[in-house]
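Visitor: I would like a close look at a single part of this model, taken slowly and set in its surroundings. Please begin once the structure is in view.

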Amino acid sequence: MPHLDRPQQLLQKTQNLIGDALEAVEATYAAELASRNSYIRDIYQHTNRFRGKRLRPVLCLLAAKACGNITREHEILAAVIEMIHTATLVHDDVLDSADVRRHVATVNVRWNNQTSVLYGDFLFTHAFHLASQTGSAEACRLIGHATNRVCEGELTQIRNRGNLSLTEEEYLDIIDGKTAELCAVACHLGAKFAGAEESEIGRLERYGRKLGQAFQIADDVLDLTGAENAVGKTLGTDLMQRKLTLPIIRLLNREGDSHRTRMIELLEAGNEKACLEIAQLSRQAGMIDESLQFAHQLAEEARAEISGIPDSPARELLLQLPELSINRAC
């Protein structure tokens with residue numbers, strides 16, 4: 001494992017390397033969503049507060065920098081990917097009946113569910129409109145395919161709510177679609193539009209996929225163990241919605257585990273008290289630590305994927321991002 005900078009140091013190095021390009025991404029994002037409608041402008045300003053460290057645009061730009069130079073196409077595509085990601089957040093908050101996102105009220109709470117659904121759709125349609133400005137049918141195809149995978153992952157997760165027989169393999173397939181796919185396509189497009197060879201594009205895409213999987217597992221653990229005022233979003237929604245995540249699946253499937261019967265009772269109850277007890281049982285059984293250990297394993301696999309890429313400041317930052325994404329899923 002490479003030497004890891006502190007998060008603020010890493011963010012500063014990222015800003016120094018690709019800060020100008022990130023500002024161009026933000027300007028492109030804002031220009032595409034500009035509206036004369038005051039209602040839409042209000043929602044836009046509100047949802048801008050949902051957006052964290054811009055992980056997916058950062059991945060796209062760093063992949064480009066690691067393989068060559070950042071172009072105008074990269075700035076557009078990074079904005080497209082961020083738009084799609086934001087749309088999924090807005091829709092997820094409706095599905096999860098969440099109240100808080102990044103320390104502010106969700107759109108469904110600030111306005112209503114109808115507004116959330118339609119604004120998410122608004123973001124999706126603008127994303128595809130913006131992608132067309134690259135003039136690349138291949139870019140549009142890749143983004144369309146990734147968005148399909150995100151939606152398939154979300155639909156599969158909904159279909160499996162309350163499915164106490166969900167396997168670890170099925171869970172990993174769900175998070176591969178709903179989270180890892182956008183990280184993978186961000187890296188793919190970054191490398192591709194920098195003129196990288198197919199082998200490098202493949203390595204960076206696999207890197208992004210592993211990073212995204214590690215990120216989601218860490219985020220699922222946070223849903224069990226985090227403090228809402230620190231994390232900044234509604235927690236416990238997975239259990240309230242009876243979505244099984246890795247710590248729960250592993251505990252349920254552990255042979256001869258004395259907690260299984262009690263866990264099933266608590267999952268079926270689905271109330272706040274039950275969620276707290278589930279978190280406690282998961283920690284006592286070692287499933288929290290075990291799940292985080294698996295996330296760290298995926299992070300190591302992600303780093304290994306780009307070990308053959310020539311050394312550069314961008315590659316060094318990419319090597320550190322997986323651990324940052326686990327230490328504080330953002």
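How many of the 28 residues of α9 are buried? Please start there, and then follow the helix that packs against α9.

Guide: The model is a predicted one, and in it 21 of the 28 residues of α9 are buried, so that this helix is mostly covered. The length of α9 is as expected, because 28 residues at 1.5 Å a residue should span 40 Å, and the end C-alpha atoms are 41 Å apart, which agrees.

Before turning to the neighbour of α9, it helps to have the whole chain in mind. The chain holds 16 helices and 2 strands, and its C-alpha atoms fill a box of roughly 55 × 50 × 35 Å along the principal axes. A compact globule of 330 residues would have a radius of gyration near 20 Å, and the chain, with 20 Å, agrees with that. Of the 330 residues, 57% are buried, while the accessible surface amounts to about 14,300 Å², with 48% of it belonging to carbon and sulfur atoms. When contacts between residues at least 6 apart in sequence are considered, 77% of them join residues at least 24 apart.

The helix that packs against α9 is α3, whose buried residues also pack against α1 (7–33), α4, α8 and α16 (313–327). Helix α3 covers residues 55–67, and its 13 residues reach 18 Å from the first C-alpha to the last, close to the 18 Å expected at 1.5 Å a residue. Because 12 of these 13 residues are buried, α3 is largely enclosed by the rest of the structure. The buried residues of α3 are Leu55, Arg56, Pro57, Val58, Leu59, Cys60, Leu61, Leu62, Ala63, Ala64, Ala66 and Cys67.

Leu59, which is found in α3, shows this enclosure at the level of one residue, for it counts as buried at 0% relative accessibility. Leaving out residues up to four places away in sequence, Leu59 touches Cys183, Ala186, Cys187, Tyr207, Leu211, Leu318 and Leu321. Leu59 and His188 are 129 residues apart in sequence, yet their C-alpha atoms are 9.4 Å apart in space.

The cysteines of this region deserve a separate word, since a disulfide is a covalent bond between the sulfur atoms of two cysteines. With a cut-off of 2.5 Å between cysteine sulfur atoms, the count comes to 0 disulfides. Cys60 is in no disulfide, and the nearest cysteine sulfur to its own, that of Cys187, is 8.1 Å away. Cys187 is likewise in no disulfide, its nearest cysteine sulfur being that of Cys183, at 7.2 Å. Cys60 counts as buried at 0% relative accessibility, and Cys187 is buried with a relative accessible area of 0%.

Helix α16, against which α3 also packs, includes Ile326. Ile326 has a relative accessible area of 7%, and it is therefore buried, the limit for that word being under 20%. Not counting residues up to four places away in sequence, Ile326 touches Ala214, Ala218, Ala295, His296 and Ala299. Ile326 and Glu26 lie 300 residues apart along the chain, and their C-alpha atoms are separated by 25 Å.

Helix α8 is another partner of α3, and the buried residues of α7 pack against α8 as well, together with α4 (72–95) and α6 (113–131). The 23 residues of α7 should span 33 Å at 1.5 Å a residue, and the end C-alpha atoms are 32 Å apart, which agrees. Among the buried residues of α7 are Leu142, Ile143, Val150, Arg149, Glu154 and Gln157.

Between α7 (137–159) and α8 (168–192) there is a loop, and Asn160 lies in it. Asn160 is buried, with a relative accessible area of 16%, and its side chain reaches the backbone oxygen of Thr156 at 2.8 Å. Setting aside neighbours within four places in sequence, Asn160 is in contact with Leu166, Ile174 and Arg242.

Key. Residues are numbered from 1 along each chain as its sequence is written. This is a predicted model: local features need pLDDT of at least 70, side-chain atom pairs count only at pLDDT 80 or more; totals for chains, interfaces and linings use all residues. Side-chain values use heavy atoms; hydrogens and water are left out. Helices (H or I, at least four residues) and strands (E, at least two) are DSSP runs, numbered from the N terminus. Buried means under 20% relative accessible area, exposed over 50%, partly exposed in between (1.4 Å probe, protein chains only). A polar contact is a pair of N or O atoms within 3.5 Å; within protein, one must be able to donate a hydrogen and the other to accept it, and residues adjacent in sequence count only if both atoms are side-chain atoms. Contact means heavy atoms within 4.5 Å. The expected span of a helix is 1.5 Å times one less than its number of residues. The radius of gyration is taken over C-alpha atoms; the globule rule is 2.2 Å times the number of residues to the power 0.38. Accessible areas come from the Shrake-Rupley method with a 1.4 Å probe; for residues, only the protein chains shown count as cover.
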